[in-house]
Amino acid sequence: MSLFVKCFCCILLFTVSAAFSQEHLALQIDAILQPDKNVNQTNNGVVLEQLLELLSHQEKRSVTAEMGQLYAAIGKYYYKTNSNNKAILYLKKAIDIQKKYKKHSLEVLNKTRNNLAWIYSYEGLEKKRYEVLQEILSDKGNDKYTFNAGIDSAVIEANTGDFYSGLSRLNLLLTKFNGYDIDKELQLRMVIVGIYGKMYENAFLSKKSSDLEIIKKHQERIEKEFENSNLPYSFLYAAYNNIANVYEAFDNDSEALELYQKVALFYAKEEALSEQVSALNNMGYLYAKQGKHKEATTCYKKVLSQSVDKVQKATAYDNMGYFLQNSSASEKLTYFQKAIQVLLDKPESDFQIPSLQTIRDSNYEQEALIFLVDLAFHYVATFKESKKTEYLDLAKATLYRIDELVSLLRYESNSEQSKLFWIEKGVNTYLLAVEVCYLLNQPDDAFYFMEKNKALLLQENIKNLQAKLAFEIPKELLEKEYKLHYEWMVLDKLFQQNTTDISLQKQLTSKANEFKLFMDKMQRNYPKYVQLKKETETISLEKIKALHNHSNTSFITYILNDKDGYGIFYSEQETYFFKINKVSNLQKKIQSLKDYQKQSLLNKAAIADYRKVAFEVFNALFPFKNAVEKINTKNLIIVPDDTLLNFPFEALVVSANDKLSESYLIQKTAISYLQSFSVFERIKVKKNSPSKKILFMAPSQFKEASLAPLQLSNEMIAKLKGYNSTTIYTENNASKINFYNNSGTYEIIHLSTHAGVDSLSHTPWISFQNEKVSLYELYGIENQAELVLLDACKTNEGLFASGEGIMNLSRAFFNNGSQSVLASLWNVNEKSGNEIIENFYNELALGQSKSKALQLAKIKYLKKHQSYESLPYYWASFTLTGSTNPIHLVTTNYVIYACLFIAILLVGLFIWFKKRKNR
């Protein structure tokens with residue numbers, strides 16, 4: 001027999017022997033794991049011993065599927081015997097082996113991963129659990145473990161405050177099972193309802209009517225199909241409890257109470273104490289809200305006597321304190337303190353405000369936030385009763401803790417909508433904090449809270465983009481990321497409104513897959529970029545004062561809501577911290593002025609009323625002695641809030657007697673605006689280095705028929721042609737692609753076109769000749785601009801987000817590197833708008849700062865135009881936000897060039913004649 005044949009036979013014998021050995025191992029494992037319904041903990045220990053004995057006879061380095069099965073079984077039985085650390089160790093070993101066989105045994109691998117995820121959950125290791133769930137989802141299996149991993153991931157995201165990431169994940173899953181698998185479809189709808197229920201439970205945020213409609217549609221579908229499913233009734237009544245939470249938040253109290261009563265009755269019959277008590281807590285809150293305090297107290301007492309769940313008991317204490325009748329604020333404090341102590345398992349000794357780490361360790365950040373907010377408000381109420389400043393100190397300390405907690409929840413959220421949710425959560429408490437600082441006369445602390453109330457998301461986005469640019473990622477990839485994300489977001493919103501639309505399902509699935517594939521590729525090529533996450537920084541009042549010392553600049557910053565308002569004014573001579581009186585009345589006056597400002601014609605009575613109201617509003621917003629003198633001839637920076645956003649302070653009236661055109665605030669001071677000082681300091685970090693001067697784009701005709709033609713300003717074009725290094729695109733050349741390809745190298749970007757807000761998504765857009773570009777598409781286009789001039793109608797319009805500001809086009813340009821933006825507040829009159837912009841350029845060319853150039857351009861217009869043309873509609877629409885630094889414009893002097901050319905020509909002719917003569 002040849003050597004080759006001998007070797008082949010040996011290999012064959014070894015392979016057969018190994019296969020037989022592994023098959024035998026599988027049979028041994030099955031024999032040990034024979035199902036036994038009466039297995040108790042002792043028998044679990046016996047099974048574990050048998051499995052470990054079997055392992056001792058195996059080759060430890062073996063990586064067969066059967067060894068993976070053995071490790072998985074050992075891990076499972078370590079868990080059953082309460083040895084979770086060892087269970088985790090063996091399950092990890094099993095997973096390492098099973099990954100090698102996942103092509104044919106993915107469900108086996110996912111089962112082991114699922115077991116590991118649950119053990120992490122029992123150990124309170126939610127981040128590790130989430131990572132394992134993402135591994136399951138990344139393999140895109142069709143087994144039950146993959147489906148459950150999608151749901152569990154969404155719930156974890158919601159529990160950490162990232163509600164909208166969870167909802168987006170569930171909506172995408174719903175497109176897969178909607179109408180095809182009724183059990184999974186309804187289960188997904190019930191979890192979606194659960195997330196909305198958590199968002200609106202004890203909500204102190206604005207309500208979106210679209211959310212209520214979404215909930216009603218889910219409820220209708222669930223009730224219609226539930227009897228056709230195999231889901232347990234406990235699922236249905238859990239959904240009812242969450243639906244009732246949303247109804248209650250929208251003051252649909254009768255529908256909410258009816259559902260709570262159904263839920264409580266069902267769980268009482270099922271003897272499910274925890275669920276029944278949860279419904280009782282909700283019923284108690286609703287009864288108290290309706291003034292039925294006897295019924296509410298009965299509910300709360302049942303909760304406290306029957307529940308073993310600390311969240312339920314803490315919620316009962318908090319609700320009892322909030323609605324306690326005929327009691328002082330100081331008596332109520334005990335209930336809020338008790339709620340926090342119960343929630344965090346703290347001994348019932350002297351109450352102390354818990355540290356952020358203590359709250360994080362409890363995993364009850366959202367519940368703690370609710371109780372701390374109630375506590376802070378009642379510390380202030382107790383001060384107002386007792387006049388003891390110690391309660392203000394306690395309130396301030398509590399509010400700083402709330403700020404830390406809201407910042408944490410916002411930072412740990414991934415979706416923009418979730419971040420905005422938590423920003424809005426902080427709004428009322430930031431105003432309360434400013435009130436506390438006002439009562440303590442502490443403007444520095446007040447300034448901090450004012451800054452935290454403004455444009456945090458914009459600051460975070462700017463900081464992130466600046467870090468992204470450091471990775472030198474190609475411009476087109478960043479643009480594609482923002483474009484795909486925006487398209488996915490729009491489809492997701494549409495699908496939420498109509499989850500039975502098959503066409504939308506397909507579009508959403510396709511776009512989500514496209515975005516995921518793109519981001520997976522980005523992850524491979526730029527791993528640090530995808531993991532990027534930057535926290536915001538808040539600048540201090542002391543630093544802002546130092547920056548503006550000896551600069552002939554004053555600033556004023558505001559914080560207000562429907563009822564209260566405060567401001568801080570700074571000049572070189574003083575800092576004035578003031579309260580705004582009668583804010584609700586002021587809000588109405590401001591809205592009245594806004595309505596007047598958008599009208600091109602006013603009768604005498606309306607003009608007189610405008611003058612009167614504008615003078616009153618000026619005095620309310622600048623309520624300090626000699627206000628006009630203190631800002632006269634100075635540069636004034638304004639940081640507005642709430643209804644003051646998109647309001648031209650320039651058109652306020654500072655004198656009750658002078659001629660209207662001479663009484664406007666613009667006559668006294670050069671005004672510019674900031675989203676916040678912290679945002680502006682972040683914007684300044686990026687040092688722009690444009691290679692060209694002006695990019696002017698003016699499409700007069702548009703591909704979209706609904707956009708009216710615009711009359712090109714020949715004077716404007718001639719003016720801009722007179723400056724060095726200017727590029728002008730008009731007509732068909734004023735296209736989206738030319739903007740994308742050229743906007744990144746200019747110091748001034750001037751867009752003379754149409755703009756608006758999409759009626760469905762409420763997203764701002766700006767139009768080029770052939771196509772509109774949305775706010776979110778603009779986010780990916782870096783620029784080097786010192787100034788972006790949005791010479792179009794209503795370019796400052798957008799959706800208002802409480803605590804963040806207006807989501808307008810300016811945000812995108814600031815996000816991408818622009819130092820300042822000149823934008824319009826309403827439909828601009830073309831004739832007057834062009835005149836002001838031309839004069840603005842003239843003043844820039846003379847070396848004026850941007851704010852001074854705009855002031856002088858407007859004053860020049862007012863001197864030249866009288867009567868109705870001096871109304872704010874014609875001149876006050878354009879406002880400057882951001883840097884006021886001058887821009888050096890060099891005029892191309894064609895006369896000099898012509899003289900030089902003639903001189904050179906004459907010299908040349910002279911030399912030519914001389915040479916000819918010498919011949």
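Colleague: What covers the buried residues of α28?
Modeller: This is a predicted model, in which local features need pLDDT (the predictor's confidence in each residue, from 0 to 100) of at least 70, side-chain atom pairs count only at pLDDT 80 or more, and totals for chains, interfaces and linings use all residues. Residues are numbered from 1 along each chain as its sequence is written, and side-chain values use heavy atoms, without hydrogens or water. The buried residues of α28 (under 20% relative accessible area, 1.4 Å probe, protein chains only) include Tyr 610 and Phe 618. Their cover includes β1 (553–560), β3 (575–579), α27 (583–597), α29 (627–631), α30 (660–663) and α38 (872–875).

Colleague: How far apart are the end C-alpha atoms of helix α28?
Modeller: Helix α28 holds 18 residues, 604–621. The expected span is 1.5 Å times one less than the number of residues, so α28 should span 26 Å. The model agrees, with the end C-alpha atoms 26 Å apart.

Colleague: Which residue caps the N-terminal end of α28?
Modeller: The backbone nitrogen of Ala 605 lies 3.2 Å from a side-chain oxygen. That oxygen belongs to the capping residue, Asn 603.

Colleague: Which residues touch the most other members of the largest nonpolar core?
Modeller: A nonpolar core is a set of buried Ala, Val, Leu, Ile, Met, Phe, Trp, Tyr and Cys residues joined through side-chain atoms within 4.5 Å. The largest has 132 residues, and helix α18 (residues 365–386) gives the largest share, eleven. The members touching the most others are Tyr 196 and Phe 677.

Notes:
Helix = DSSP H or I, 4+ residues; strand = E, 2+ residues; numbered from the N terminus. Buried < 20%, exposed > 50% of the residue type's maximum accessible area, 1.4 Å probe, protein only. Contact = heavy atoms within 4.5 Å. Polar contact = N/O pair within 3.5 Å; in protein donor to acceptor, adjacent residues only side chain to side chain.
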